[in-house]
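Okay, thanks for coming, everyone. I'll take a few minutes to walk through this one, so have it open in front of you.

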Amino acid sequence: MQTSDMVAKAYSRISNHIHNTPLLYSETLNKIIGSNVYFKMDAMQKTGSFKLRGVLNHLLAMKENGNIPSKIVAYSTGNHALAMSHAAKLFGIHARVYLPENVSPIKKRIAKYYGAEVIEVKTRSEAEELSQKDAKNGFYYLHPSDDDKTIAGAGTMCYEALIEMAEHNNLPNAIFASCGGGGLLAGTYLAKELLSPSSKVIGAEPEVANDAYISLRSGKIKRFHDSPNTIADGLRALSICERTFSYLKKLDGFYTCSEASIYYWTAWLMQTMKVTCEPSASVSMAVAYNWLKENNYNKKNILILVSGGNVDPSFYLD
């Protein structure tokens with residue numbers, strides 16, 4: 001595990017290339033649950049998710065060392081592909097992304113718009129295998145979460161939020177973030193250790209995509225054979241990795257939520273707060289709500305990391 005100061009260094013490195021996204025709250029929601037909930041809105045980040053932070057930190061660190069690659073490759077459930085595509089355009093390098101067929105259509109279109117070479121395949125496993133094969137043939141393999149630089153960059157989302165909350169003397173009692181590959185939670189743990197060590201960090205995952213939850217319960221990484229069928233399309237990872245698993249073991253809690261609750265909170269946040277929030281991000285709110293109610297907590301300060309906002313139009317038709 002890396003030291004927390006790597007998140008601060010990452011923030012200094014990438015801050016001129018990203019948006020300092022807003023920290024929002026809803027008086028209506030706060031009255032309903034009896035606590036103060038703050039939403040860090042990386043749904044409003046460039047490319048529509050926190051993923052850009054990790055990709056930029058990774059590539060900028062390589063640039064500093066004079067070894068930035070001429071072409072990069074990865075697999076993705078969507079948002080990592082968008083971040084790679086945008087960063088590749090920024091640095092004038094070639095990006096190739098493998099996307100399984102269950103990736104949100106709007107994410108495929110945006111990746112192509114940014115200029116990436118998008119190759120659609122049938123399964124997530126096939127996407128992983130082909131990207132790793134390219135890594136042996138001249139491409140630099142940029143994994144979505146299994147890298148220290150990427151994790152540190154992801155942590156700048158929480159880091160940014162904690163700086164703002166500290167300025168108003170309302171650091172959170174608990175921080176909630178969703179888990180796909182585990183990079184966001186790993187970076188969030190590092191950020192809170194640096195700026196708010198007493199804050200709890202709690203992971204959130206769909207019940208039908210609960211590989212990390214099972215892994216933590218069993219002590220051994222669980223890997224799905226096929227992508228789980230959850231509405232939270234950004235969380236359809238087959239498994240976490242050993243690197244992120246080491247961070248997840250240090251969290252203060254890890255919970256799952258139903259598909260119905262994910263759909264409910266996605267719609268609630270978009271309709272009530274007038275923000276864009278993809279299902280993969282609303283998982284955190286679903287788990288936070290259950291956590292507060294089950295423990296009869298009130299008057300808590302809660303930070304929700306809204307990790308992305310690339311919602312496919314078909315969501316509105318369901």
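Before the first number, a word on what I'm calling a pocket: on a 1 Å grid over the protein atoms alone, it's an open set of points with protein on both sides within 12 Å along at least five of seven lines. And keep in mind that this is a predicted model.

So, the pocket. How much volume does the largest pocket have? About 440 Å³. It has 33 residues lining it, and nearest its centre you'll find Lys51, Pro144, Gly180, Gly181 and Gly234. Three elements give two or more residues to that lining, namely α4 (79-91), α6 (124-135) and α8. Of these, α6 gives the most, with three residues.

Now the closed spaces. With a cut-off of 30 Å³ or more, there's one cavity in the structure. The largest cavity holds about 60 Å³ of space. Its lining includes Phe50, Lys51, Gly54, Val55, His80, Pro144 and Ser145. Further along the sequence, Thr150, Ile151, Ala154, Gly183 and Leu184 also line it. By element, α3 (51-64), α7 and α8 (183-195) each put at least two residues into that lining.

On to the packing. The largest nonpolar core has 59 residues, and among those with the most contacts inside it are Leu56, Ile72, Met84 and Leu305. Which helix brings the largest share of this core? That's α7 (residues 148-167), with eight residues. Take Leu56 as an example: leaving out residues up to four places away in sequence, Leu56 touches Ile14, His17, Ile18, Ala87, Leu90 and Phe91. There's another core apart from that one, of 33 residues, and Met41, Ala174, Met273 and Ala281 are among them.

Met273 takes us to helix α11, where Met273 is one of the buried residues. α11 runs over residues 259-273, so 15 residues, and reaches 21 Å from first C-alpha to last, close to the 21 Å expected at 1.5 Å a residue. Both of its tryptophans that I'd point you to, Trp265 and Trp268, are buried, and so are Leu269 and Met270. The cover over those buried residues includes β1 (23-25), α2 (27-33), β2 (36-41), β8 (200-206), β9 (253-257) and α12 (279-294). Right after α11 comes Lys274, with a positive phi, near 60°.

Next, a few single residues. Is Arg96 buried or exposed? Arg96 counts as buried, because its relative accessibility is 17% and the cut-off is under 20%. Arg96 sits in strand β4 (residues 94-100). Beyond its neighbours within four places in sequence, Arg96 is in contact with Ile72, Val73, Ala74, Met84, Glu117, Ile119, Asp134 and Phe139. Asp226, on the other hand, is partly exposed, at 48% relative accessible area. You'll find Asp226 in the loop between α9 (211-218) and α10 (242-248). From Asp226 to Ser12 it's 214 residues in sequence and 38 Å in space, C-alpha to C-alpha.

Last, the cysteines. How many disulfides turn up in a search of the whole structure? Zero. For Cys241, the nearest cysteine sulfur belongs to Cys179, 9.7 Å away. Cys241 is buried, at 11% relative accessible area. For Cys277, the nearest cysteine sulfur is that of Cys257, 12 Å away. Cys277 is buried as well, with a relative accessible area of 1%.

That's my tour, thanks.

Note on methods:
Residues are numbered from 1 along each chain as its sequence is written. This is a predicted model: local features need pLDDT of at least 70, side-chain atom pairs count only at pLDDT 80 or more; totals for chains, interfaces and linings use all residues. Side-chain values use heavy atoms; hydrogens and water are left out. Helices (H or I, at least four residues) and strands (E, at least two) are DSSP runs, numbered from the N terminus. Buried means under 20% relative accessible area, exposed over 50%, partly exposed in between (1.4 Å probe, protein chains only). Contact means heavy atoms within 4.5 Å. A disulfide is a pair of cysteine sulfur atoms within 2.5 Å. A nonpolar core is a set of buried Ala, Val, Leu, Ile, Met, Phe, Trp, Tyr and Cys residues joined through side-chain atoms within 4.5 Å. On a 1 Å grid over the protein atoms alone, a cavity is a set of points where a 1.4 Å probe fits but cannot get out, and a pocket is an open set with protein on both sides within 12 Å along at least five of seven lines; lining residues have an atom within 4 Å of a point. Grid points are joined across faces, edges and corners, and a volume is the space filled by probe spheres set on the points.
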